Each structure stands twice: as structure tokens, then as C-alpha cells.
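Reader: Could you take me on a close look at one part of this model? I would love to hear about a sheet and the helices around it.

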Amino acid sequence: MNARLVDLELQVRAMAPSRAAAAEQLAFLELGPDEIALLRQVHAPLQARQQAIVTAFYEHLQTVPALRAMLADPQVYARLQSAQAEYFRALTAGDYGADYVLHRVRVGVVHQQIGLEPQWYIGAYRKYLSALAPLLQALLADRPELYLPTYDALLKVVCFDMSLALDTYMQSGRRELRDSEERFRAAFGQAAVGLAELSVEGRWLRANRKLQEIVGYSEAELQALNFRDITPDHEWRADEEAVARLVAGEMDHYSREKRYRRKDGHIVWVKVTVALMHAGTRDASVVAVVEDIARRKQYEEELRHLASHDPLTGLANRNLMLDRLSQAIAFAHRAGRHVAVMFIDLDRFKNINDSLGHDAGDQVIIEVGRRLARNIREGDTVARVGGDEFVVLLSDVARDDEVAALAAKMLAALSLPIIVHGQELAPVGSIGISLYPRDGADSRDLLRNADAAMYRAKELGRGNFQFYAEEMNARTLDRLKLEGGLRRALQRDEFELYYQSQVELSSGRIVGMEALLRWNPPGGAVVLPGDFIPIAEETGLIVPIGEWVLRQACAQQVAWREAGLRDVRVAVNLSARQFKQQDLARLVAQVLAETGCRPQSLELEITESVIMERPEQATAMLQTLSDMGVHLSIDDFGTGYSSLTYLKRFPIQTLKIDRSFVADLINDADDAAIVCAVIALAHTMGLSVIAEGVETEAQLDYLRAQHCDQLQGYYFSRPLPAAQVAALLAA
């Protein structure tokens with residue numbers, strides 16, 4: 001038996017009524033022994049005339065086009081005629097048990113499978129009964145009183161057969177519906193898009209797995225929510241209006257892009273297509289197809305970004321900058337504020353491209369863009385408008401000096417070295433500045449004037465900024481005057497060293513003095529290092545100034561010692577430029593020899609950031625100095641990015657905790673934790689620790705509790721000139 005017949009037989013047995021159900025149906029039809037006996041009496045005579053009935057039956061079927069097409073195959077036609085003859089034979093045989101029932105169900109299943117509609121099925125039974133009536137009447141002509149009872153018995157059997165056959169149609173329909181629903185549920189659950197059913201009021205009724213993934217809620221969680229609960233910022237109003245139009249019959253569906261708020265709080269973009277189900281009934285609902293379009297939205301955003309941003313740096317391009325500048329001008333006009341435009345051009349950038357190639361040039365451009373972006377205020381804009389040209393837009397400025405401070409900050413950021421292809425580069429920029437409304441009333445004028453000011457900055461030596469307004473240039477000239485005075489300060493002996501004591505915590509003794517530079521220009525106030533050291537560093541003047549400081553400090557240490565005062569170590573800060581000098585070790589050795597200062601009485605302080613710029617070269621230089629016997633310390637420790645791998649290799653003796661951590665360690669748990677960690681790290685590595693900026697007893701007590709080695713700060717002494725330090729050492 002092939003698989004198809006096995007499946008047919010399984011269906012037949014599944015659909016057949018039980019013995020009890022069949023017996024109950026026959027009893028309801030009132031088919032009893034007497035009726036069965038009447039049918040058996042006419043069975044044999046009917047069989048003799050059966051072929052004529054079957055032939056007439058099939059001729060009638062051929063009159064219907066739909067049935068004629070089904071019977072077009074001669075083999076099928078002959079097989080059906082044979083099966084029909086067997087059916088008619090069994091109809092009056094009087095045996096209506098289980099086999100008869102299965103046979104009748106089997107016939108019904110086959111007819112249903114070949115597509116025989118119920119109306120043709122019922123019509124065929126009618127034709128058979130009509131053809132049989134006169135034949136039965138003729139057979140019982142000698143006993144006319146049996147005709148009606150016998151025909152009634154036959155009618156009962158035919159009704160029984162029809163009920164069995166038609167029941168297969170209904171069961172098959174239910175089975176197909178059940179299979180269809182199962183397929184729908186499977187497709188609903190596994191669909192690649194989100195599918196949901198909602199009430200017209202917006203309650204979630206069903207949601208497939210994809211929708212649950214999109215919104216992050218389970219189906220049960222959604223069923224406790226309304227779609228408004230996951231739609232942000234009142235966007236649900238548009239959906240409510242659209243659903244109302246669906247219910248009113250104004251449209252059959254709608255689609256729109258919207259946002260959902262996921263369970264985790266993130267916003268996701270979707271496209272929803274909504275249609276009405278069960279329209280016009282009390283159970284009306286809507287079905288929604290929800291497509292996750294987050295990736296498409298991302299692509300669209302990327303395209304928009306490319307249209308308004310520089311592809312290399314990711315900064316705003318000229319178009320976006322001009323748009324924002326126009327908006328800033330409009331705002332400033334209403335609010336009575338200022339707008340500043342900085343035009344920045346990298347000096348000698350062509351040399352980088354020519355010597356190292358355009359890839360190196362691109363890396364420099366990218367890094368410059370990053371540095372500029374890190375040094376602007378929130379709401380300001382950095383744009384790349386040309387090969388090595390940038391524009392910074394300061395959209396809301398109250399005072400001119402704000403702009404000057406930001407320009408100086410940007411120049412300092414640009415001057416920091418960049419390592420590209422193994423080469424250390426120090427990009428320098430020239431900045432021109434124009435201000436709205438003083439230097440122009442529109443974008444074109446402001447950019448043109450800023451560009452002109454930038455070229456003036458180049459004319460004045462590059463690496464500086466210039467305001468377009470003449471009166472503002474006077475302020476920048478002050479800086480130039482400061483630089484000029486700085487160049488003459490050494491010859492005029494205008495520098496002076498002050499010293500601040502370093503106290504050993506365990507004994508309370510002064511064990512060291514840090515040399516701090518002061519500038520006393522003639523006819524002016526004392527200039528602090530923060531005001532002139534950056535200029536000295538930028539111009540290179542820090543190298544001769546640094547040599548003077550080193551020589552003076554060593555000579556002063558010898559003078560104190562020869563005067564019989566306490567023998568203390570003197571600490572001198574090395575600048576970035578000094579530390580990078582190839583002859584630094586030779587210079588230190590020469591100064592020690594010329595002044596008579598012992599190497600162990602000199603401490604050189606190098607900032608953490610300077611050492612870590614080129615750690616391999618720094619290690620070699622530090623080792624040379626250490627081999628000479630010079631004491632070495634890392635200044636401002638904790639403000640840079642030291643690698644512990646390098647730190648353990650550096651031949652240093654001391655770490656100096658930066659004053660920024662000491663200032664708030666009593667009130668700031670983070671600063672306190674950093675101080676504790678530095679002290680613990682240093683002691684583990686066998687290093688001593690100096691804490692700078694100690695100003696209160698509370699700070700002193702805390703550092704004592706953490707076993708800090710030495711302290712320095714106003715709590716013990718302000719920086720003093722050498723003469724006053726002598727009195728302090730003599731005490």
C-alpha cells in the first residue's frame with residue numbers, strides 16, 4: 001500500500017463515527033430490522049436492473065460541464081462506474097455495520113479530495129432515488145402495500161449515507177481550517193517582520209516574536225500595555241487619527257514611519273502598516289506590520305552627515321558651517337551678543353605632505369581637527385573648509401577676551417607633538433579672528449575679514465592669532481612685547497630664583513628646596529612663570545633660561561653649604577625643550593663641575609607628560625643623569641599617562657603628587673583615593689613621595705596617616721628669595 005492510500009485510510013478512520021454513534025444515528029432515522037428486511041427482499045431484483053440505473057446516472061452527470069471535466073479520463077470514468085455499481089449493490093444488501101460505514105466515509109473523502117462540491121453530491125443522490133422509484137414500484141406491483149414502506153427504508157439508508165459523506169466535507173473543512181490556522185500561527189510567529197493585532201483602542205492583543213525583539217517586551221508584557229505606552233513624545237496622536245479614519249471607512253490601510261521606545265529605554269525607528277480587521281463588527285481590531293528600519297535610518301543619517309561634514313575628519317564642512325554661522329548671527333542680532341569667527345591655517349603644512357606623503361598629512365589633519373574640537377565650548381562649531389584650513393565658530397560671545405583665551409588655548413593644543421610614521425611633528429597654526437557685528441554683518445564679510453587677519457598673523461611670525469579689529473590687535477601686541485622683553489631679560493639680569501622648602505614628614509626637617517623662577521622687568525610688577533614660561537617654551541628661549549636656572553640653583557646650594565647652613569638638596573624643573581636637548585647630560589655635568597655642586601645635592605624634576613612623549617629616549621637620558629649621581633623625580637605625577645612598564649624602568653627616586661590632587665583630598669574621595677594609590681605604588685617600587693600644595697593642617701594629618709615621605713606647600717613656607725631662605729635654614 002502506497003503512502004497516499006495509507007494517508008487516505010488514516011483520514012477515513014479518523015473521520016468515521018464510532019459504532020455507538022452510527023447506531024444512534026440509524027436509530028434516529030428509524031431504520032430497524034423490519035425496514036432492513038424489506039430492503040433485502042428487493043435486493044436481488046434490483047441488482048438485475050442495476051447497470052441501467054448506473055448508466056443513466058452517469059449520463060446525467062455528463063450534462064454538467066464541471067462534472068464532465070472531472071470524468072474526462074476514460075480510466076477514471078470506468079473506475080468510478082465500477083465503484084458506483086458496488087455502492088448501489090451494498091445500499092440494499094441490509095448490512096450497515098462498521099465496514100459499510102467505513103466504505104461510505106471513504107467514498108466521501110475521495111469525492112471531497114477530487115473536488116466534488118456538496119451540491120453535486122446531493123444532486124446525484126436525488127437522481128438515483130428518482131430513477132429507483134418507478135423501478136421499485138414495478139417490482140412490487142403485485143404487493144403495492146410494500147412500495148411505500150420499502151421506498152421509505154431506502155430513503156433512510158440514503159439519508160444515512162449522505163450524512164456520513166457530508167460529514168467528511170465538514171471534518172475536512174475543519175481540518176483545513178485548523179491546518180491553516182497552524183500555518184498562520186507558525187508564519188505569524190516566525191515572520192521576518194513584526195506582526196501584531198491591536199484593539200481599535202490601542203491595546204496589544206497579539207505580537208509575534210520579531211515584534212517582541214524590536215520593542216524588547218514579551219507578548220504578555222505588551223498585552224498589559226497600550227501602544228501609546230511605547231510611543232514617545234505624543235507621536236501616538238497621529239496613529240489615533242489614522243485608526244479613526246480606518247474605522248470610519250475613509251481608507252483601508254495606512255503606513256507611516258514612527259518611533260517606539262524599547263523596554264530598555266532606547267528609541268528605535270520602525271515603519272508600521274496598519275489595516276482594519278472584522279470591519280463593521282463589535283470585535284473590530286487592527287493588524288499592524290512593523291518593520292525595523294533602524295539600519296535604514298542609520299544609512300540615511302550617514303548620508304545626511306556626509307552631505308554636511310568633511311569625510312576625512314568628520315567635522316562640519318563649509319555648507320554646515322555657513323548655515324550655523326547664519327543662525328548664530330540671527331541669534332546674536334536679537335540678543336545683542338557677539339559671534340566670533342576664527343580662521344585657522346596650518347603653517348608649513350606643505351612640507352609634511354612633500355616629505356612624508358599625503359597619508360601622513362591626512363593623519364596630521366585628523367589630529368588637528370580632534371584637538372580643535374576638544375578645545376571649544378559646547379554649542380561651538382569646528383569646520384574644515386580646505387586642505388589645511390579650519391574655521392571655528394563661537395556662536396555666543398559676551399566679551400572679546402573670551403575669544404582671545406580660546407585662541408591661545410587652541411594654539412597651545414596644536415603645538416603639542418604628533419608622532420606620524422615614526423616622526424615627531426609639532427603642527428603650528430596661525431589664527432585670524434573677526435567678530436560680529438563689529439567686523440561684518442554677514443557670513444561672507446566675517447569669513448573674509450577672519451581670513452585677512454589670519455594672513456596678518458602669518459606676517460607677524462606665524463603661530464599666533466590676530467584680531468581683525470585694529471584695537472584688538474593692540475592686545476595681541478602685548479604678547480609680542482612680553483616675548484621681546486623675555487629675550488632681553490637674561491642680558492639685563494631680570495630673573496630671580498625663589499625657593500620653597502621640602503619638609504621630611506617623619507622628622508619635620510627641611511631636606512630640600514625647589515627653585516622657582518620669577519621675572520622682575522624694570523618698572524613693572526613681578527611676572528609669574530605661568531605668564532611667561534609658555535612663551536619661552538614656544539620661542540625656544542626656555543633653553544638658555546633653563547640653563548641659567550640650573551646654574552644659579554647649583555651655585556646657591558654650594559653657597560648655603562659653604563656658609564655652614566643645613567645641607568639640603570636643591571630641585572630644578574626641566575622644561576620639555578630642555579629635556580629633549582641632546583647635550584642635556586653634558587650641560588648638567590658642566591654646571592656641576594663649574595659650580596662645585598655635588599651631584600647628590602641636585603634634584604632634576606621632569607613632568608610625567610614630557611617623559612612619556614618618548615619613553616625609550618627618556619629612559620636613556622634619565623639613566624645617564626642617574627649614573628652621574630643626580631637625584632631624579634617625576635613632577636605632577638598622576639596628571640599624565642604613565643605606563644607602569646616604563647615607570648619601573650625609569651631610574652628615578654621620587655614621585656611628586658600634583659597639587660591638584662592634594663587641594664581637595666579632604667573633601668573629594670576620588671582625589672584621596674588617587675593620593676593613597678600613588679603613595680602605595682611609590683613605596684612598593686622603593687620610591688619616596690613628595691606631596692605638593694599642602695596648605696592646611698587637615699591635609700598634613702591625612703598625608704601623615706598615609707605615610708607620605710615629604711611635603712611642600714604654603715603650610716610650611718611660601719616661596720622665598722635666597723636671602724630669606726638662609727635664615728630659614730639657619731633656624
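Author: Happily; here is a walk through one sheet, its helices and a contact between them, with a second sheet to follow.

This is a predicted model, so local features need pLDDT of at least 70 and side-chain atom pairs count only at pLDDT 80 or more, while totals for chains, interfaces and linings use all residues. Residues are numbered from 1 along each chain as its sequence is written, and side-chain values use heavy atoms, leaving out hydrogens and water.

Let us start with the open sheet of 5 strands, whose order is E2-E1-E5-E4-E3 with antiparallel pairing. Helices (H or I, at least four residues) and strands (E, at least two) are DSSP runs numbered from the N terminus, and two strands pair if DSSP finds at least two bridges between them. The edges are strand E2 (204–207) and strand E3 (253–261), each of which pairs on one side only. From one strand to the next, the twist averages 30° (axes are lines fitted to C-alpha atoms, for helices over the stretch in contact, and angles run from 0 to 180 degrees between N-to-C directions).

Further in, strand E1 (residues 194–199) and strand E5 (residues 285–292) run antiparallel and are joined by 6 bridges. Within this pair, Leu-195 has Val-289 in E5 as its bridge partner. Helix H13 (residues 294–308) packs on the sheet, where it touches E3, E4 and E5, and its direction makes about 130° with that of E4 (contact means heavy atoms within 4.5 Å). Helix H12 (residues 236–247) lies across E3, strand E4 (267–277) and E5, and runs at about 155° to E3.

H12 brings us to a side-chain contact: Lys-258 and Asp-239 meet in a salt bridge at 2.8 Å, N to O (a side-chain nitrogen of Lys or Arg within 4 Å of a carboxyl oxygen of Asp or Glu). Because Lys-258 lies in strand E3 and Asp-239 in helix H12, the pair ties together parts that are 19 residues apart in sequence. The structure holds 43 salt bridges.

For company, there is an open sheet of 5 strands with the order E7-E8-E6-E11-E12 and mixed pairing. Strand E7 (381–384) and strand E12 (465–467) stand at its edges with a single partner strand each, so one side of each is left without a neighbour in the sheet. Here, strand E6 (residues 338–346) and strand E11 (residues 429–436) run antiparallel, joined by 8 bridges, and Ile-344 stands opposite Ile-431 in E11.
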